[in-house]
Amino acid sequence: MDRCRVLAVTGGHSFDLDGFRSMLTDICDARRWVWAHAVQPSAQRWFDGAQSGQWNAIVCHDIPGLHLKRGEPPRPIGPTVSQKRAITALLDAGQGMVVTHHSLAGWPAWDGWATALGGRFNYSPGPLRGQDWPSSGTRIDTYTASVVNPTHAVCEGVDDFTLTDELYCCPIFEDEVTPLVRSDADFDPGLFVSTYEHVSVGEVAAPKTVGHPPPSNLIAWATVAGRSPIVYIQPGDSASTFAVAPYRRLLANAIAWVASPAAHQWASANPLPIH
């Protein structure tokens, strides 16, 4: 492979941009990669089969398809039929992607995107794969991230590490993905705050996610969408996490792997249709 070309996509959710850019710059400089930054909604033009081959890896730290504003109820927007076709064509063409943190909430009106990522964070109550789901939950905690697949290329050189970051109480399709990292935190739904009310009326008035189906403690995994290798890494809430060396190593490994011939061979041998 020639020099790895990485596109980072943000937008749709506030975060520490300086910390994120510093992390990606350090990662890419260390491996002599090049990277560029695109912001939603204009960044969506890259999610099209016609753009296949332009980037070796796309790093998603965005939330497409969601109206998200403090004091207002979160609500889905799109995707249009043409956007679905474009994204599906890109995935079928074999675009390596690393998806991080809040990007699990993207395109909440499209089950196909949840299938592509291996789960969904629901900012609003709604249906997913024929089941009605409550709003997902969040909380900040200090925990140990435990590597459960040390022989996978994404986990190479990554030992268990401690970080303080946001955790999710949300549906994950654990039987459809390859587990990489788990958290030792307590995932009792009663410990999480319901995100719909958190955004709509504020954290103080937001209820706990009591009654939410028990969530998985899986916080990083590999999966296939179309013929594209995908890695999802759930931590990534703050600049403090962006500065954690094992987290950086995990992200760098994920980028390298989804861009590799081995990952593309694996994805092509295990295609997953996206509708």
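**Helix H2 and the salt bridges**

Reader: Happy to start with the helix: which residue follows H2, and what is the sign of its phi?

Author: Glad to help; bear in mind that this is a predicted model. Right after H2, phi takes a positive value near 95 degrees. The residue with that positive phi is Gly-94.

Reader: How far apart are the end C-alpha atoms of H2, and what span should its residues give?

Author: Helix H2 covers residues 81-93, which makes 13 residues. At 1.5 Å a residue, the expected span is 18 Å. The end C-alpha atoms agree with that, being apart by 18 Å.

Reader: Which residues of H2 are buried, and what covers them?

Author: The buried residues of H2 are Ala-86, Ile-87, Thr-88, Leu-90 and Leu-91. An α-helix has 3.6 residues a turn, so residues three or four places apart point the same way. The cover over the buried residues of H2 includes strand S6 (97-100), helix H3 (111-117), strand S13 (218-225) and strand S14 (228-233).

Reader: Now the charges: is Arg-120 buried or exposed, and which residue is its salt-bridge partner?

Author: Arg-120 counts as buried because its relative accessibility is 2%, under the 20% cut-off. Its partner is partly exposed, at 30% relative accessibility. The closest N and O atoms of the pair are 3.4 Å apart, and the partner is Asp-111.

Reader: How far apart are the closest N and O atoms of Glu-72 and Lys-69?

Author: Glu-72 is partly exposed at 29% relative accessibility, and Lys-69 is partly exposed at 47%. The two form a salt bridge, for which the cut-off is 4 Å. Their closest N and O atoms are apart by 3.8 Å.

Note on methods. Residues are numbered from 1 along each chain as its sequence is written. This is a predicted model: local features need pLDDT of at least 70, side-chain atom pairs count only at pLDDT 80 or more; totals for chains, interfaces and linings use all residues. Side-chain values use heavy atoms; hydrogens and water are left out. A salt bridge is a side-chain nitrogen of Lys or Arg within 4 Å of a carboxyl oxygen of Asp or Glu. Buried means under 20% relative accessible area, exposed over 50%, partly exposed in between (1.4 Å probe, protein chains only). Helices (H or I, at least four residues) and strands (E, at least two) are DSSP runs, numbered from the N terminus. The expected span of a helix is 1.5 Å times one less than its number of residues. Contact means heavy atoms within 4.5 Å.
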